[in-house]
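Dear colleague,

Please find the structure below, handed over for your consideration. A summary of what was found in it follows.

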Amino acid sequence: MKKRTVAALAAGLFLFGACGSPKASDNSSGEDAKTIKIGGNFELSGAVAAYGEAENEGAKLAVEEINKDGGIDGKKIEYIAKDNKSDNNEAASVAANLTTKDGVVAVIGPATSGAAKATLPNLTKAKVPAVTPSGTDDAITVQKGKVQDYIYRACFQDSFQGIVLAKYADDNLKANKAVILGDNSSDYANGLKKAFKDTYKGEIVAEENFTAGDKDFQAMLTKIKDKDFNVIYIPGYYTEAGLIIKQAREMGIEQPIIGADGFGDEKLIDTAGAANVKNVYYTGHFSTKAPATDKVEPFVKAFEDKFGKQPSSFNALAYDSVYMIKQAIEDEGKATPEAIDKGLAGLKDFVGVTGKITMDKDHNPVKSAVVLGLTDGKESSAETVNP
């Protein structure tokens, strides 16, 4: 998942330069520390706060469970969460503060790809690894052919999502004519669009663009209404997708609508209206209807007991991210940034609630995806798609 890339990486470099390089004494959660400090860099306010808040919940539950069970190698986790305000510059600043001021040994987040990319210079300078639960942009972990040493992800990539959705349209929906309504201001949407177009076997009969923040899609929908097509692909976020679904259904456009994990928030239903969210499908990382492992049931129960609601994909991904770091520490026998980085790079057959994960050479997890179907705003189907 990623939001508009507003900040250049140069901004991240400046922010880190202002904070200075970390000293050995800064890392107060090293081998001799009484606790293991893990940071949370999340969108707790701002445009995509729904993602960050959900991931912070998942991380907190994992930390609570681990500490209740005695911690990691006898040390409790000290979790330090900070708000990046859904802003890429702020995300870079939070990364600098967590690694230099707070001395964390690893970071969870950010949730969005633009923010995750903005943190890379500061993470690299500090040599502190991070796991983004839902940053799906392929360019987070590999840039210009070079693997970024200190960033990993718990989710699958945009290229995988786009391919899965194209195949789902071809094989499951038997849709041979597609319309694409895409957010042209978002790297996330553009990456999804490209992967779909490169894979889809049918004809793309129309392609219309919008910009994040748009509210009125009547003109765009009027252009496509009378065209001959049998699926609409919306690479974008729940904020605009919910409005498009609402306005399309109210105009009598009934064809199936497909999208990626940006659809995966209850606010999509709230915005569109439950009655309008029918024949809608999207790629997800987690579903109780298609449990990836036997850890799903106890996770769901624990989450419901703590928060009084069903967990979302974003809750589950952040929960797995914390346990991935725990596994890395246990595998290497040390809770230092260097050891955690090595452990994450070599992670193999990790069993999480979002699937069984082995980290590939590009720091991407090899795992399955789920295509979720919605009817009247409720999950009505779930089909697992393996890599």
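The protein contains 12 helices and 17 strands, where helices (H or I, at least four residues) and strands (E, at least two) are DSSP runs numbered from the N terminus. This is a predicted model, in which local features need pLDDT of at least 70 and side-chain atom pairs count only at pLDDT 80 or more, while totals for chains, interfaces and linings use all residues. Residues are numbered from 1 along each chain as its sequence is written, and side-chain values use heavy atoms, with hydrogens and water left out.

As to overall dimensions, the C-alpha trace spans about 70 × 45 × 35 Å along its principal axes. The radius of gyration is 20 Å, which agrees with the value near 21 Å for a compact globule of 387 residues (taken over C-alpha atoms; the globule rule is 2.2 Å times the number of residues to the power 0.38).

An unreviewed UniProt entry annotates residues 35-375 as "domain: Leucine-binding protein"; such annotations may be inferred rather than shown by experiment. Over residues 35-375 the chain is 43% helix and 21% strand, with the end C-alpha atoms 46 Å apart.

One helix pair deserves description. The axes of α7 (residues 218-225) and α8 (residues 238-250) come within 10 Å and cross at roughly 50° (axes are lines fitted to C-alpha atoms over the stretch in contact, with angles from 0 to 180 degrees between N-to-C directions). Q218, M220 and L221 in α7 meet I244, Q247 and A248 in α8, contact meaning heavy atoms within 4.5 Å.

Yours faithfully
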